[in-house]
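Work through the exercises below with the model in view. Try each task before reading its solution.

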Amino acid sequence: MMWTLSPKQQEMLTDVSNMQGQYQAVDNQTSRALLRNKFIRQVNDRFETTKEGERLHMEIVHQAFEKARMALND
């Protein structure tokens with residue numbers, strides 16, 4: 001069985017189809033934005049971890065120099 005759509009029904013169907021496409025585009029943009037934000041968070045977390053590691057490394061080096069200086073002064 002085939003239906004024939006009136007011009008008004010055809011127009012409404014086209015509008016709905018266009019809206020679905022727009023929603024899909026927005027959904028895709030949102031997904032990309034969420035992935036981008038997740039990636040940025042991961043990079044920032046890694047950077048923070050690296051900064052903390054560098055700080056600890058400098059603290060250890062500083063302590064080693066202090067110990068060496070004290071040993072030389074004795």
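**Exercise 1.** Is Glu-59 buried, partly exposed or exposed?

Solution. Start with the source. This is a predicted model, where local features need pLDDT of at least 70, side-chain atom pairs count only at pLDDT 80 or more, and totals for chains, interfaces and linings use all residues. Residues are numbered from 1 along each chain as its sequence is written, and side-chain values use heavy atoms, with hydrogens and water left out.

Next, take the cut-offs. Buried means under 20% relative accessible area, exposed means over 50%, and partly exposed lies in between (1.4 Å probe, protein chains only). Glu-59 has a relative accessible area of 36%. Glu-59 is therefore partly exposed.

**Exercise 2.** Find which side chains meet Arg-55 in a salt bridge.

Solution. Recall the rule: a salt bridge is a side-chain nitrogen of Lys or Arg within 4 Å of a carboxyl oxygen of Asp or Glu. Side chains of opposite charge can pair when their charged atoms come close.

Step one: Arg-55 meets Glu-52 at 2.9 Å, N to O. Step two: Arg-55 also meets Glu-59, at 2.9 Å, N to O.

Now check the positions. Helices are DSSP runs (H or I, at least four residues), numbered from the N terminus. Glu-52 and Arg-55 sit 3 residues apart in helix H1 (residues 7-73), so about one helical turn separates them. Glu-59 and Arg-55 are 4 residues apart in helix H1, again about one turn.

Last, check exposure. Arg-55 is partly exposed at 41%. Glu-52 is partly exposed too, at 39%.

**Exercise 3.** Describe the salt bridge between Glu-66 and Arg-69, then look for a network.

Solution. The two side chains meet at 2.7 Å, N to O. Glu-66 is partly exposed, with a relative accessible area of 27%. Arg-69 is partly exposed at 43%. Both lie in helix H1, 3 residues apart, about one turn of the helix. For the network, look for shared partners: such salt bridges join Glu-52, Arg-55 and Glu-59 into one network. The whole structure holds 4 salt bridges.

**Exercise 4.** Which residues form a nonpolar patch with Val-16?

Solution. Apply the patch rule: residues need over 30% relative accessible area and no salt bridge, and nonpolar side chains (Val, Leu, Ile, Met, Phe, Trp, Tyr) are joined within 5 Å, like charges within 9 Å. Val-16 lies in helix H1 and is partly exposed at 40%. Met-19 and Tyr-23 join Val-16 in the surface patch. Together they have about 320 Å² of accessible area (Shrake-Rupley method, 1.4 Å probe; for residues, only the protein chains shown count as cover).

Terms used: Helix = DSSP H or I, 4+ residues; strand = E, 2+ residues; numbered from the N terminus.
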